[in-house]
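User: I'd like to know what stands behind the labels people put on a model like this. Can you take me through a few of them?

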Amino acid sequence: MSRLPTITWYLTVLILGMAVWLMSRNNVDPDLWWRLRHGQELIAHGISTKDTYSYTMPSFPFVSHAWSLDILLAWLYRLGGFRLLTLFVIALTSLTFAFATFKQRATWAGTLFLLILWAGCIDFFGVRVQVIAWPFLLYTFWLCFSPQPAWKTWRWSIPFVALLWANVHGSFPILFVVLMARCIALWLRDKQVAIVDALLVLSIIPLSLVNPYGLGLWHEIWLTNTDTLLRSSIREWEPIWIVQSALL
């Protein structure tokens, strides 16, 4: 692998972070305000499983799949307003991408991979809970593609990640899908089932129920992902082939 001065990688991390700061400081996600309000309600009154925001449906079941992030965002906003929220999200994302490419920082591949990560995510960046879930996603793929020695060491983190992710963002089923795909591929290759791996991956399901909404969290995720209105009216929910054709 061809070498590259390490300073190039560090400068890339810094410049991209500054560029995103300039781009996103006035770009406010519409969902942010109700999340801040919900976070304030959680801090003041605790968890509510009923809709307290609707006049016509006050007893309708309410699930916030990112309830802990609502609290965090509300707390940060109270401390430093939107600027602190932006700084937090940019710092978290920059550190996550830097960590993912750190081992290759002295090669062209490291800087190129860093640029690819930012290029692929920049259109979805902002102060939003989806962005805060990216570290979990990258960790999952890192664990999935780790060689067997690293996998045997870090696979014990699966239950902890499942428990934490289920209380951070509703994208946590990705953890189960990706790791199950890895295990099935290895089982087919080796023609034997790794019992420990199977138990660890299956533990994701019951551990994900340890949240304020229980099974209602899975129900909310199912409703969201099967809602055809979302996929036809919100760009980031559109199928990948529709997005691709729009870009072309």
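Analyst: Sure, salt bridges to begin with: the term means a side-chain nitrogen of Lys or Arg within 4 Å of a carboxyl oxygen of Asp or Glu. Keep in mind that this is a predicted model, where local features need pLDDT of at least 70, side-chain atom pairs count only at pLDDT 80 or more, and totals for chains, interfaces and linings use all residues. Residues are numbered from 1 along each chain as its sequence is written, and side-chain values use heavy atoms, with hydrogens and water left out.

User: What makes Asp 70 and Arg 35 a salt bridge?

Analyst: Their closest N and O atoms are 2.8 Å apart, and the cut-off is 4 Å, so the pair qualifies. Asp 70 sits in helix α3 (residues 67-101) and Arg 35 in helix α2 (residues 31-45), 35 residues apart. Helices here are DSSP runs (H or I, at least four residues), numbered from the N terminus.

User: Why is Asp 70 called buried?

Analyst: Buried means under 20% relative accessible area, exposed over 50%, and partly exposed in between (1.4 Å probe, protein chains only). Asp 70 has 0%, so it's buried. Arg 35, at 8%, is buried too.

User: How do you know that Arg 189 is exposed?

Analyst: Its relative accessible area is 56%, so Arg 189 clears the mark for exposed. Asp 190, its salt-bridge partner at 2.9 Å, N to O, comes in at 40% and therefore counts as partly exposed.

User: And what makes Tyr 139 partly exposed?

Analyst: Tyr 139 has 22%, so it lands in the in-between range. You'll find Tyr 139 in helix α6 (residues 134-144).

How values were computed:
Helix = DSSP H or I, 4+ residues; strand = E, 2+ residues; numbered from the N terminus.
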